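User: I am new to this structure and would like to learn how to read its sheet and its helix packing. Could you guide me through these features in turn?

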Amino acid sequence: MNLVFVNTNILAYARDQRDSRKQAIAMDWLRALAIHRTGRLSWQVLIEFYAVATHPRKLAMVEAAAQADVLALQAWNPLTPDSELLQRAWIVQSKYGFSWWDAMVVSAALIAGCGTLLSEDLQHRQVIEGSLTIIDPFAADAPAPPTE
């Protein structure tokens with residue numbers, strides 16, 4: 001089954017009650033990926049999520065709740081930043097023109113062997129290195145989460 005890398009914004013929308021449509025879509029994806037054990041992420045994503053989740057003008061979650069989410073998502077074995085990730089991100093940033101932080105996310109997805117990267121922030125349906133497709137799960141033509 002296709003491994004799916006989850007970007008920070010998907011985790012944030014799963015907890016954002018201000019947009020019920022996006023929250024439902026994000027929750028459906030996270031639930032399906034957890035059930036199928038096909039979700040992947042990185043420490044960068046978890047750290048960014050915690051910062052967004054606890055920021056008073058963003059999600060404004062109670063720290064204990066955000067911490068519980070981060071601890072639970074460690075079951076997805078987040079990719080740790082290392083020399084390989086750094087060097088791959090330099091190449092991806094140069095080749096595709098991504099911001100540094102987006103290049104790190106894309107590179108982590110590639111290293112993790114993912115076929116899909118869920119992100120609202122990147123170009124929907126863009127293919128990276130011939131093997132990774134960026135999907136905006138909130139786009140009108142986005143595929144549904146896996147059910148089988």
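Analyst: Let us begin with a single pair of residues in this predicted model. Thr116 stands opposite Thr133 in E5. This pair belongs to strands E3 (residues 116–118) and E5 (residues 132–135), which run parallel and are joined by 3 bridges.

User: Which residue in E4 has Thr133 as its bridge partner in E5?

Analyst: In general, strands of a sheet pair through backbone hydrogen bonds, either parallel or antiparallel. Here, the bridge partner of Val127 in E5 is Thr133. E4 and E5 pair in the antiparallel sense, over 2 bridges. They form a hairpin with 3 residues between them, and Glu129 in the turn has a positive phi of about 55°.

User: In what order do the strands form the sheet?

Analyst: The 5 strands form an open sheet in the order E2-E1-E3-E5-E4, with mixed pairing. Strand E2 (39–40) and strand E4 (127–128) each have a single partner strand, so one side of each is left without a neighbour in the sheet. E2 pairs with strand E1 (residues 4–6) in the parallel sense over 2 bridges, and Phe5 stands opposite Arg40 in E2.

User: At what angle do helix H1 and helix H3 pack?

Analyst: Helix H1 (residues 8–15) and helix H3 (residues 43–54) pack at an angle of about 40°, and their axes are 9 Å apart. The crossing of H1 past H3 is right-handed.

User: Which residues meet there?

Analyst: From H1, Thr8, Leu11, Ala12 and Arg15 meet Val45, Leu46, Glu48, Phe49 and Val52 in H3. By class, this contact has 6 nonpolar, 1 polar and 2 charged residues.

How values were computed. Residues are numbered from 1 along each chain as its sequence is written. This is a predicted model: local features need pLDDT of at least 70, side-chain atom pairs count only at pLDDT 80 or more; totals for chains, interfaces and linings use all residues. Side-chain values use heavy atoms; hydrogens and water are left out. Two strands pair if DSSP finds at least two bridges between them. Helices (H or I, at least four residues) and strands (E, at least two) are DSSP runs, numbered from the N terminus. Axes are lines fitted to C-alpha atoms, for helices over the stretch in contact, and angles run from 0 to 180 degrees between N-to-C directions. A crossing is left-handed if the near helix is turned anticlockwise from the far one by less than a right angle, and right-handed if clockwise. Contact means heavy atoms within 4.5 Å. Ala, Val, Leu, Ile, Met, Phe, Trp, Tyr, Cys and Pro count as nonpolar, Asp, Glu, Lys and Arg as charged, and the others, Gly among them, as polar.
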